[in-house]
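Okay, thanks for having me, everyone. Let me put the sequence and the structure up, and then I'll walk you through a few spots I like.

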Amino acid sequence: LINCLIHFYKRSWNIIMTLQSDGGVTLVIRVIRSFPHRNIRNIVLKNVSLTLTTELLLDLARTEVSSSTSLPPPFRKFAYDSMKIEHQAHGSKTSDPVISTESDGKLFLVAGLTLEHQGVKNETEISLFKKDDYNEYKQGPQHGQTQW
């Protein structure tokens with residue numbers, strides 16, 4: 001029994017090391033359905049290559065969202081079209097509970113560029129949302145802000 005456990009742990013360790021050597025990273029995708037109502041759910045994408053372009057990551061995220069059984073139907077059927085880096089691992093977070101509205105030029109994922117080129121690292125949180133809703137939210141308290 002002990003030999004079996006040792007073999008299992010060695011095998012598991014080899015699999016983990018292989019995944020890490022392939023360059024795959026774990027990304028947390030913050031799916032934002034509604035800015036004013038703070039409808040946000042997270043999905044985790046594992047072993048994502050940093051050589052993917054923004055378009056491929058957007059397609060991958062949309063596919064995961066639409067096929068995820070843990071998300072309610074309004075999340076799965078929504079038309080997401082933009083991605084923005086929300087937070088890097090071990091970095092500071094914004095005080096806004098929905099999304100950071102600062103540094104748009106630096107944090108929006110640009111079409112045609114790889115994730116690595118845009119500064120995406122392991123355990124980066126990336127927001128997935130509809131750009132028109134974000135622009136309305138960013139305008140101010142009377143337009144798209146949290147409504148209670």
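I'll go from one strand to its neighbours, then to some charged pairs, and finish with two backbone angles. Keep in mind that what you see is a predicted model.

Let's start with strand β4, which covers residues 124-129. How many of the residues of β4 are buried? Six of its six, so the strand is mostly covered. Why the "so"? Buried here means under 20% relative accessible area, and every one of the six passes that test.

Now look at which way the side chains go. In a regular strand the side chains alternate between the two faces of the sheet. You can follow that here: T124, I126 and L128 point one way from β4, while E125, S127 and F129 point the other way. All of them are buried, whichever way they point.

Who are the neighbours of β4? With β1, the pairing is parallel and runs over five bridges. If you want a residue to click on, take R30, whose bridge partner in β4 is S127. With β3, there are five bridges as well, but these two strands run antiparallel. Over there, M83 stands opposite L128 of β4.

Okay, on to charges. Side chains of opposite charge can pair when their charged atoms come close. How many salt bridges does the count come to? Four, and I'll show you three pairs, beginning with one in the strands we just saw.

The side chains of E125 and R30 form a salt bridge, at 3.9 Å from N to O. E125 is in strand β4 and R30 in strand β1, so this pair links distant parts of the chain, 95 residues apart. Are these two buried or exposed? E125 has 19% relative accessibility, so E125 counts as buried. R30 is buried too, with a relative accessible area of 9%.

Next, find D104. D104 makes a salt bridge with K84, and the closest N and O atoms are 2.6 Å apart. Because D104 lies in helix α4 and K84 in strand β3, the pair ties together parts that are 20 residues apart in sequence. Both D104 and K84 are buried.

D104 has another partner, though. The side chains of K138 and D104 also meet in a salt bridge, this time at 2.4 Å, N to O. K138 sits in helix α5, residues 131-138, and D104 in helix α4, so here the pair ties together parts 34 residues apart in sequence. D104 is at 18% relative accessibility and therefore counts as buried, whereas K138, at 39%, counts as partly exposed. Put the pairs together and you get K84, D104 and K138 linked in a network of salt bridges.

Last stop: the backbone. Most residues other than glycine have a negative phi. Which way does S103 go, positive or negative? Positive: its phi is near 55°, and S103 is not a glycine. You'll find S103 in the loop between β3 and α4, and it is partly exposed, with a relative accessible area of 43%.

E123 is another residue like that, with a positive phi near 65°. E123 is in the loop between α4 and β4, and its relative accessible area of 45% makes it partly exposed. That brings us back to β4, where we started, so I'll stop there.

Technical notes: Residues numbered from 1 in each chain as written. Predicted model: local features only at pLDDT ≥ 70, side-chain atom pairs only at ≥ 80, totals over all residues. Heavy atoms only, no water. Helix = DSSP H or I, 4+ residues; strand = E, 2+ residues; numbered from the N terminus. Buried < 20%, exposed > 50% of the residue type's maximum accessible area, 1.4 Å probe, protein only. Pairing = 2+ DSSP bridges.
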